[in-house]
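Let's take a walk through this protein together, one neighbourhood at a time. Have the sequence and the 3D view ready to follow along.

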Amino acid sequence: MQDDAHSNTDTHRALRHKHSVRSLLVRIRSKLRRTPKLESAESPRLRIPYIPPEVWGIIIQHACLFHHDPLDTSHELSFLESPSTQLATYRASMTTKKNLSLVSKQWNALARSFLYEFVWISRAAQAKALARTLLMEYVENLSSSGKFIRRLHIETPALERCAPADLRTILDYSPHICIYSDHHSVQRSVYEDAPDPRCSPEEILKLVAHPKIRRLSWTSYDDVPFELRMAPLGSNLTTRLEYLELSTRSPSLPNLSTILSGSSSSTRGDLEHLQMNVHLPALRALKVSLDNNTFAVLASWDMPSLTNLSVMSSDFSYTGEGFSRFFQAHGAKLLQLELGHSSSALEEYYLTTPQHLLVLQQQNQQQQQPSIPLAEWCPNLREFICSADAEWHWQSPDWIAPHILLPAHPRVELIGIRDIDTRLLEDPLTPHDAWSSRSAPVEGWETIDDTLFDALMCEDADTPCFPLFEQISSLLRRDAFPALRFVRDLSAESDRLRTVRPHPRVLQFWRKVVARCAEHGVWFEDCTGVNITQRALRRATLPVSPEDGAA
């Protein structure tokens, strides 16, 4: 009986096990039958793998830097390079960043830092809107967007300048700014009765003169002495500053007493008190548009790394004591020099100033205007930048110096020329309508062949823009610039006139310039530093196919 009971129990267990296995197989089969339907239903979700937020952050970062990196300004320390950031480029980049921030909440949080890292203010309303946004975030106890601002660029029309109060608010909530640029775009009034002391120029400068600042473009709007206005720099906190641009925007015009006893006629004793204890160890590029007294102040600054200088005297006092002091103190370090005023502008100033005022200036200085030995003050100069607007000089009628202040230098290897396009457009023998419709072929151009192309080099043919051609030819004189190897056209518009269906007279001008440079072993370059050759000029005359024109 016991054996029968055990056998029945074993049989029952075997049946239960067999039933459980069978039910399990049935479930598996049903699962397998439903799997394709589930896959088809959930296929859109399963196709996107999980990507960590850190990886999405890197992807969004590269998408935001597609147009340019607004924080990388290392290549802009040279005045030969044009700024890479333009308003159109900025707007295209901001459109991309805005679209990325609208994808989802996660992407909005990841793109927020790139959305605010570079702010370009082109209207006063934009500054007010940004200031209000930062204030409301503070009031509502939200995370401030100002902590993401790294670069602030203010460039507005004259009637759309930013209010100082809005600028103060933006800077208060933007502690990490490393690039600050004000291009004559902040409201300043000398007739304001009780201006807010928190918005004074000195207080604004204190907010940006911190250890993180790398580039600073500063504008002075009143007649306060330069050494007082720039006093915040005396704290010597700007140890990482690499680029400094200083300009003045005085609302008043110089009167008779200023002309007779002002900055341009300051004597050596008058300049002794113009000293500042400013140390800028990393400064490499300096651009200034100031007066004689200001140059005397800059002469006392400690700038051991300064190599690039762009200078423009706002009172034409290139023979003043402050100007000479500055170059005697810092000229030996300079490798690149740009003189902003053209020779014709200097001569026009001295020609249009009443002669009796110039005589009184010289009497106050108790000496005649001395010559300016820039070549001696800057013995290590390698690159020189000037304007194409040079004039004939009666003392040397056989040639035109690149600039009246630097007629020769033994070590200059490259000379950059600005405003060549302006001189080309002034050619009196070129029809004015030739420049207005560059996309249309010039009359007779479709019949040009190699014979006619070579005829443009005929010696008997007149030379378009003859003074400009002679100015460029004068650079090639070995007694003036024996080490010269490169001449560069710094005008992007000139490059367009030369490469986009050039007018025959423009082509004739450049053919002769390139040939003259080749005779002296000098390379002529375009604004990007690429050599201009006869083959490239010939290629510009080839007909453009409809497909290329559409592209």
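**A walk from ring to core**

Start at Tyr-243, where Arg-215 lies over the face of the ring, at 3.9 Å from the ring centre. Keep in mind along the way that this is a predicted model. The charge is not the end of the story for this tyrosine: Tyr-243 also forms an aromatic pair with Phe-79, with 6.4 Å from centre to centre and 50 degrees between the planes, an arrangement that counts as tilted. Phe-79 lies in the loop between α2 (53-64) and α3 (87-101), while Tyr-243 belongs to strand β5 (residues 243-248), so the pair ties together parts that are 164 residues apart in sequence. Both Phe-79 and Tyr-243 are buried.

You can find another charge over a ring at Phe-118, where the charged end of Arg-151 sits 4.6 Å from the ring centre.

Now step back for the overall view. The protein has 551 residues, and 43% of them count as buried. Its secondary structure consists of 22 helices and 12 strands. Among contacts between residues at least 6 apart in sequence, 81% join residues at least 24 apart. As for the outside, the accessible surface comes to about 29,600 Å², and 56% of this belongs to carbon and sulfur atoms.

With that picture in mind, turn to helix α18 (residues 466-475). Why can this helix be called largely enclosed by the rest of the structure? Eight of its 10 residues are buried, so the rest of the structure largely encloses α18. The buried residues are Leu-468, Phe-469, Glu-470, Gln-471, Ile-472, Ser-473, Ser-474 and Leu-475. They pack against the strands β9 (383-387), β10 (414-418), β11 (486-489) and β12 (523-525), and also against the helices α15 (420-425) and α20 (504-519).

Several of those strands are partners of one another. β10 and β11 run parallel and are joined by four bridges, with Ile-415 standing opposite Val-487 in β11. On to the next pairing: β11 and β12 also run parallel, and three bridges join them. Here Arg-488 stands opposite Glu-525 in β12.

Val-487 is a good place to pause. This residue sits in strand β11, and its relative accessible area is 0%, so Val-487 counts as buried. What does Val-487 touch, not counting residues up to four places away in sequence? The list is Ile-415, Ile-417, Leu-475, Val-522, Trp-523, Phe-524 and Glu-525. Leu-475 in that list is one of the buried residues of α18, which links this stop back to the helix you just left. Look at Phe-524 too: its C-alpha atom is 4.9 Å from that of Val-487, although the two residues are 37 apart along the chain.

Finally, let's return to the aromatic rings. A pair of aromatic rings is described by the distance of the centres and the angle of the planes. The count for this protein comes to 15 aromatic pairs, and the tilted pair of Phe-79 and Tyr-243 is one of them. Compare the rings of Phe-509 and Trp-510: their centres are 5.1 Å apart and their planes stand at 75 degrees, so this pair is edge-to-face. Phe-509 is buried, with a relative accessible area of 0%, and Trp-510 counts as buried at 0% relative accessibility too. One last sight is a cluster in which ring pairs link Phe-295, Phe-323, Phe-326, Phe-327 and Trp-377.

Notes: Residues are numbered from 1 along each chain as its sequence is written. This is a predicted model: local features need pLDDT of at least 70, side-chain atom pairs count only at pLDDT 80 or more; totals for chains, interfaces and linings use all residues. Side-chain values use heavy atoms; hydrogens and water are left out. Buried means under 20% relative accessible area, exposed over 50%, partly exposed in between (1.4 Å probe, protein chains only). Helices (H or I, at least four residues) and strands (E, at least two) are DSSP runs, numbered from the N terminus. Contact means heavy atoms within 4.5 Å. Accessible areas come from the Shrake-Rupley method with a 1.4 Å probe; for residues, only the protein chains shown count as cover. Two strands pair if DSSP finds at least two bridges between them. Rings of Phe, Tyr and Trp (its six-membered ring) pair if their centres lie within 6.5 Å; planes under 30 degrees apart count as stacked, over 60 as edge-to-face and the rest as tilted. A charge sits over a ring if NZ of Lys or CZ of Arg is within 6 Å of the ring centre and within 35 degrees of the ring normal.
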